[in-house]
Amino acid sequence: MKIAIIGIGSVGSAVATAVQKTGLANEIVLFDRDGIRARAAAEDLGHASAFSYDIKITSVSNYRAIRGSEIVIIAAGANQKVGETRTDLLYKNASVITDIIPKVMDNVDSKNVKIIIVTNPLDVMVMLAQKLSKLPSTRVIGTGTMLDSARLKIILSRQLGVSARSINSYVLGEHGDSSVVNWSSVNIGGLTLDDFCKQTKISLPQTTRKTIEHRVRNAAYEIIQGRGATWDGIGAAVADLLHAIIHDEKRILTTSIVDGIGKSAVAMSMPRIIGNKGVLMNLKTKLSTDESNALRKSAKIIRKNFDLL
């Protein structure tokens, strides 16, 4: 399995490290317009492979070298800075994606390749990449709210005193400020959230739930404030997505793909079954009236931002 990673900044480097640690690839190709940075990253990661998996890791300066890649991960673009929203990156990163995707498509097998988008604003970049690549939407996949959902699980785990592995909970819609916490579908060990709270005598009132929503949506801002960027979480999310694809796990993840036709088409995160062909099926989850309305609002925001391009 050959995997190419485009963009080796702080996020791309973290993604490369996470991918290397999975042992799923026998070759990883790192491409960055800063060739010195790409070579340094390949050298450093190559040294690390002596302690884990024997993987060929190379840096490249032209797109021809990504030929044979079955999965291409796009992590290029400007990072979110302190005080910026993901949407503030819209025009900068749209130009980056517009430059990259045609060059990628000239050097991969369009019948089989899968493109994973990490660049923000995530959902709009998925829509742009799918349009430019002309690939089926099921093979242009954004990590979407995988990380948001992970943040929700961790916060709930701490609040409820139970392992995050026993919690099923989703954040839906935009990977951004209009994301929607899907309280209606939360379950812990097969119990609804309300049933679990009754049995354990834990109180989780609406005020606490609103605080949790705020913490999930603002987690990235807090991390950026403290360390300049977020990278470990998204690296782990990409590695998890690769596991599901390469091992054909048919696991349910909240990924972002384009759904719909024409002006109604929008990319946003919903629970989706992931396998070796990409997204195998879209699922409809239980939603309250408020959650449905919030999800529609989120979709309109994403579509509006895409139309600005």
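**Exercise 1.** Find how strand 10 and strand 11 are joined, then place them in their sheet.

*Solution.*
Step 1. Strand 10 (residues 187-188) and strand 11 run antiparallel, joined by two bridges. Strands here are DSSP runs (E, at least two residues), numbered from the N terminus. Two strands pair if DSSP finds at least two bridges between them.
Step 2. Take one residue pair: Ile188 is opposite Leu191 in strand 11.
Step 3. The open sheet has three strands in the order 7-10-11, with antiparallel pairing.
Step 4. Strand 7 (167-168) and strand 11 (191-192) are the edges; each has a single partner strand, so one side of each lacks a neighbour in the sheet.

The model is predicted: local features need pLDDT of at least 70, side-chain atom pairs count only at pLDDT 80 or more, and totals for chains, interfaces and linings use all residues. Residues are numbered from 1 along each chain as its sequence is written, and side-chain values use heavy atoms, leaving out hydrogens and water.

**Exercise 2.** Work out which strands are joined to strand 13, beginning with strand 12 and continuing with strand 14.

*Solution.*
Step 1. Strand 12 (residues 251-259) pairs with strand 13 over nine bridges, in the antiparallel sense. Arg251 is opposite Ile274 in strand 13.
Step 2. Their hairpin has six residues between the strands, and Gly260 there takes a positive phi near 105 degrees.
Step 3. Strand 14 (residues 278-282) runs antiparallel to strand 13, with four bridges. Ile273 has Met281 in strand 14 as its bridge partner.
Step 4. The hairpin of strand 13 and strand 14 has two residues between them.

**Exercise 3.** Decide why strand 13 counts as largely enclosed.

*Solution.*
Step 1. Set the cut-off: buried means under 20% relative accessible area (1.4 Å probe, protein chains only).
Step 2. In strand 13 (residues 266-275), 10 of the 10 residues are buried, so the rest of the structure largely encloses the strand.

Notes. Buried means under 20% relative accessible area, exposed over 50%, partly exposed in between (1.4 Å probe, protein chains only).
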